[in-house]
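Subject: Structure handover

Hi,

Here is the structure I promised to pass on to you. Have a look at it first, and then read on for what turned up in it.

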Amino acid sequence: MAARPDESTLLRIFTGDKNRFHHRPLFEAIVLKARELKLAGATVLHGTLGFGKSSRLHQANPLRLSSDLPVVIEIVDSSEKINAFLPMLEEMMPSGLITLEKAQVVDLFDEGE
């Protein structure tokens, strides 16, 4: 039997893997801050191709030692906790895009996960 869906907010952060915060990859700093604040969950997704406002392609290329590949960070929690987290993101992010959407969370895992 599936658990009852709970109304939550999905925070989606689009950035690049070259962005840093206090000498640490930005995506890592964001996830660690979310964990410190006990947000319900966070996942980092690394893209192989994408473009942003400038329309410049960011693409994985084995011949280049470094590139600025797209990164998406997804964080789920209550609207209140997500909204409280937004000012911290503004301080951490030099650029990027943030989206919010309603989400129904169906927790199928034990508390130990």
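Which residue of S7 does Thr 15 stand opposite? It is Val 71. Before I go further, please keep in mind that this is a predicted model.

**The overall layout**

The protein has 113 residues, and 29% of them are buried. Two helices and eight strands make up its secondary structure. Read from the N terminus, these elements follow the order β-β-β-α-β-β-β-β-α-β. The accessible surface is about 8,200 Å², with carbon and sulfur atoms accounting for 54% of it. As for contacts between residues at least 6 apart in sequence, 76% join residues at least 24 apart.

**The sheet**

Four of the strands form an open sheet with the order S4-S7-S1-S8, and the pairing is antiparallel. Strands S4 (41-46) and S8 (97-105) are the edge strands; each has a single partner strand, so one side of each has no neighbour in the sheet. On average, neighbouring strands here are turned by 20° against each other, direction ignored.

It helps to go through the pairs one by one:

- S1 (residues 6-16) and S8 run antiparallel and are joined by nine bridges. In this pair, Ile 13 stands opposite Ile 98 of S8.
- S1 and S7 are joined by eight bridges and also run antiparallel. This is where the opening question belongs, with Thr 15 opposite Val 71 in S7.
- S4 and S7 run antiparallel too, with six bridges between them. Gly 41 has Val 76 as its bridge partner in S7.

How many of the eight residues of S7 are buried? Six of them are, so S7 is largely enclosed by the rest of the structure.

**Two residues of S1**

Ser 8 and Glu 7 are worth a look together. Ser 8 is found in strand S1, and Glu 7 has its place in S1 as well. Are they buried or exposed? Ser 8 has a relative accessible area of 11%, which makes it buried because the cut-off for that is under 20%. Glu 7, at 53% relative accessibility, counts as exposed because it is over the 50% limit.

Leaving aside residues up to four places away in sequence, Ser 8 touches Val 76, Asp 77, Glu 101, Lys 102, Ala 103 and Val 105. With the same residues left aside, Glu 7 touches Lys 102, Ala 103 and Gln 104. Glu 7 and Ala 103 are 96 residues apart along the chain, yet 6.0 Å separates their C-alpha atoms.

**The helices**

Now for the two helices and the way they meet the sheet, starting again from the strand pair S1 and S8, which nine bridges join. Helix H1 (residues 26-36) packs on the sheet, where it touches S1, S4 and strand S7 (70-77). The direction of H1 makes about 5° with that of S7. Helix H2 (residues 79-92) packs on the sheet as well, touching S1, S7 and S8. The direction of H2 makes about 20° with that of S1.

How do the helices lie relative to each other, roughly parallel or roughly antiparallel? Their axes come within 11 Å and cross at roughly 155°. An angle over 145 degrees counts as roughly antiparallel, and H1 and H2 are therefore roughly antiparallel to each other. The crossing of H1 past H2 is right-handed. On the H1 side, the contact is made by Leu 26, Ala 29, Ile 30, Lys 33 and Ala 34. On the H2 side, Phe 85, Met 88, Leu 89 and Met 92 take part.

**A loop with positive phi angles**

One last spot to look at is the loop between strand S2 (20-21) and strand S3 (24-25), where His 22 lies. His 23 lies in this loop between S2 and S3 too. His 22 has a positive phi of about 50° although it is not a glycine. For His 23, phi is near 65°, again a positive value in a residue other than glycine. His 22 is exposed, with a relative accessible area of 64%, and His 23 is exposed with 78%.

Happy to talk any of this through with you.

Best wishes

Definitions and conventions:
Residues numbered from 1 in each chain as written. Predicted model: local features only at pLDDT ≥ 70, side-chain atom pairs only at ≥ 80, totals over all residues. Heavy atoms only, no water. Pairing = 2+ DSSP bridges. Axes fitted to C-alpha atoms, helices over the stretch in contact; angles between N-to-C directions. Contact = heavy atoms within 4.5 Å. Buried < 20%, exposed > 50% of the residue type's maximum accessible area, 1.4 Å probe, protein only. Areas by Shrake-Rupley, 256 points an atom, 1.4 Å probe, with all protein chains shown as cover. Parallel < 35°, antiparallel > 145°, perpendicular 65-115°, else oblique. Left-handed = near helix turned anticlockwise from the far one by under 90°.
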